[in-house]
Amino acid sequence: MIRAPMPRSLALLLLLAFADSATAAHDPHSYAEPDRFLVRHVALDLRADFTAHRLEGNVELTVERIDPAARKLSLDTRDLEIHSVKLIDETGQGRDLPFHLDARDPILGSRLTIDLAGEDGGSALQRLRIEYRTSSEANALQWLEPAQTSGPHPYMYSQGQAINARSWMPIQDSPAVRMRYTARIRTPPELVAVMSAARITGANAAPGEYRFEMQQPIPAYLIALAIGDLKFQSLGDRVGVWTEPSRLAAAANEFADLPRMLEAGEKLMGSYRWDRYDLLIMPHSFAFGGMENPRLSFISPSVVAGDRSLVSVIVHELSHSWSGNLVTNASWNDFWLNEGFTTYLERRLMETLYGERRAHMEDAIGYEYLVEAIADAKAAGRPQDSSLQLDLAGRDPDEGTTDVAYEKGRWFLGYLEARFGRPAFDAFLREYFDAHAFLSIDTATFREYLL
């Protein structure tokens with residue numbers, strides 16, 4: 001294992017790791033103003049149109065007024081057709097509210113401003129229903145033709161990270177804002193919908209109608225949806241796998257260690273707080289290794305290698321159940337808090353499950369990626385991008401998703417483990433996840449807690 005020179009003090013290391021980036025007072029990648037209004041609950045009611053490649057319906061937002069003087073609610077959107085905004089009273093009746101959709105910013109999309117100036121009295125919680133339709137080019141939604149799948153039916157899936165959730169729902173699309181959600185999704189009768197939420201089954205459900213509920217508060221980018229010809233196989237009391245029927249047996253065999261992975265995660269990081277952990281093995285056109293949607297990680301089919309040699313991807317996405325999903329970066333400037341922690345935890349779990357040699361091999365490969373990422377940042381004239389905490393204001397947040405966040409974050413946490421000893425650092429990890437459970441924090445908050 002290659003080790004970087006050890007700084008003389010922890011304080012010096014912190015200065016070197018985080019450089020001079022100041023923590024932003026607000027999320028530079030969202031129009032949301034959470035100091036004025038906060039979305040507390042989202043209720044989606046959408047129909048999937050596979051011919052037009054659109055989702056259409058409404059979302060009901062339960063909004064809390066934080067600032068008594070606030071009169072206008074700002075939401076994030078991108079290329080949405082907003083048909084109406086209504087204030088819903090206690091009887092379920094709606095009254096039209098004035099709204100305005102700004103011109104489109106190439107990175108942020110369009111601010112949706114809803115005028116609540118006449119709604120000063122009564123409860124601090126208000127329920128708004130927004131009727132809308134997505135664009136056929138919504139960048140969060142991928143619509144696949146049957147030829148792009150393993151069967152005779154089309155497929156659709158969402159990818160919300162980093163700021164794409166706003167292209168399929170009007171929302172406060174900032175990781176600093178956490179919300180619970182429910183959903184009713186209507187699909188063609190031959191297709192199945194799954195989401196990053198508990199499935200609600202009922203005897204009265206119509207064909208092609210699926211209901212979901214997420215009881216734990218999550219940021220908008222973790223609200224995820226997939227629709228296709230899907231089957232499920234249980235791998236244990238709390239785990240299982242979804243995929244297209246022709247690939248179900250191979251996927252179930254590949255991920256037979258999933259119960260053991262979950263148990264190892266709980267032993268290291270504390271109790272698993274999402275009830276279930278299932279996998280959705282995606283079509284071959286899925287562009288990522290995996291996406292850590294809570295309760296249902298989206299996984300590339302390339303991970304199904306036949307010899308379980310690529311299960312580190314599963315261990316990584318499972319680790320996000322603690323770092324990223326349970327404790328979330330408050331903005332994409334602090335992306336290392338999601339991925340650096342997760343990569344460190346992935347390596348620890350790989351060591352537990354498959355031995356030190358396997359973990360060291362993964363570390364060696366990751367270290368080479370880190371060296372390349374730092375060289376790329378310097379070559380691009382952005383040496384500051386080799387710091388853990390970034391300043392991405394005015395830039396696409398995807399520019400911060402480099403191996404610096406993943407691997408430099410992992411090595412920084414590895415330094416802390418070496419500095420204080422594994423038993424002490426393990427205790428710190430469990431305390432950290434308990435103290436910040438279901439919260440979004442920035443790097444300054446982490447540093448203060450650490451010191």
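**Figure 1. An open sheet of three strands in the predicted model.** In this predicted model, 3 strands form an open sheet in the order β3-β7-β6, with antiparallel pairing. Strands β3 and β6 stand at the edges, and each has a single partner strand, so one side of each is left without a neighbour in the sheet. From one strand to the next, the twist averages 20 degrees.

**Figure 2. The pairing of strand β7 with strands β3 and β6.** Strand β3 covers residues 72–77 and strand β7 covers residues 110–115; the two run antiparallel and are joined by 6 bridges. One pair to locate is K72 with its bridge partner in β7, D115. Strand β6, residues 99–101, also pairs with β7 in the antiparallel sense, here over 3 bridges. In this second pairing, F99 has I114 of β7 as its bridge partner, while L101 is matched with L112 of β7.

**Figure 3. The surroundings of T113 in strand β7.** T113 lies in strand β7. Its relative accessibility is 16%, and T113 therefore counts as buried, the cut-off being under 20%. When residues up to four places away in sequence are not counted, T113 touches K72, L73, S74, P98, F99 and H100. Among these contacts, F99 belongs to the stretch 99–101 that forms strand β6, and K72, L73 and S74 fall in the stretch 72–77 that forms strand β3.

**Figure 4. A salt bridge between strands β8 and β2.** Side chains of opposite charge can pair when their charged atoms come close. In the model as a whole, the count comes to 34 salt bridges. In the one shown here, the side chains of R127 and E60 meet at 2.7 Å, N to O. This pair links distant parts of the chain: R127 lies in strand β8 (residues 125–133) and E60 in strand β2 (residues 54–65), 67 residues apart. Are the two partners buried or exposed? R127 counts as partly exposed because its relative accessibility is 28%, whereas E60 is buried, with a relative accessible area of 13%.

**Figure 5. The packing of helices α5 and α6.** Two packed helices are described by the angle between their axes and the distance between the axes. The axes of α5 and α6 cross at roughly 150 degrees and come within 7 Å. The two helices are therefore roughly antiparallel to each other, since angles over 145 degrees fall in that class. On the α5 side, the contact involves E346, R347, M350, E351 and Y354, which meet E356, R358, A359, E362, D363 and G366 of α6. The residues of this contact divide into 3 nonpolar, 1 polar and 7 charged.

**Figure 6. A salt bridge within helix α6.** R358 and E362 form a salt bridge in which the closest N and O atoms are 3.2 Å apart. Because the two residues are 4 residues apart in helix α6 (residues 356–379), R358 and E362 are separated by about one helical turn. Both ends of this pair are buried: R358 has a relative accessibility of 17%, and E362 has a relative accessible area of 13%. R358 and E362 are also among the residues through which α6 meets α5.

**Figure 7. A network of salt bridges.** Salt bridges that share partners join five residues into one network: D45, R184, R186, E209 and R211.

**Figure 8. The packing of helices α7 and α8.** Helix α7 (residues 403–420) and helix α8 (residues 422–435) pack with their axes 6 Å apart, at an angle of about 125 degrees. That angle makes α7 oblique to α8. Which residues make the contact? From α7 they are L413, L416, E417 and F420, and from α8 they are R422, A424 and F425. The residues of this contact divide into 5 nonpolar, no polar and 2 charged.

**Figure 9. A salt bridge between helices α8 and α5.** R422, one of the α8 residues in the contact with α7, forms a salt bridge with E351, the closest N and O atoms being 3.1 Å apart. The pair links distant parts of the chain, with R422 in helix α8 and E351 in helix α5 (residues 335–354), 71 residues apart. R422 counts as partly exposed because its relative accessibility is 30%. E351 is also one of the α5 residues that meet α6.

Notes. Residues numbered from 1 in each chain as written. Predicted model: local features only at pLDDT ≥ 70, side-chain atom pairs only at ≥ 80, totals over all residues. Heavy atoms only, no water. Axes fitted to C-alpha atoms, helices over the stretch in contact; angles between N-to-C directions. Parallel < 35°, antiparallel > 145°, perpendicular 65-115°, else oblique. Contact = heavy atoms within 4.5 Å. Nonpolar A, V, L, I, M, F, W, Y, C, P; charged D, E, K, R; others polar. Pairing = 2+ DSSP bridges. Salt bridge = Lys/Arg side-chain N within 4 Å of Asp/Glu carboxyl O. Buried < 20%, exposed > 50% of the residue type's maximum accessible area, 1.4 Å probe, protein only.
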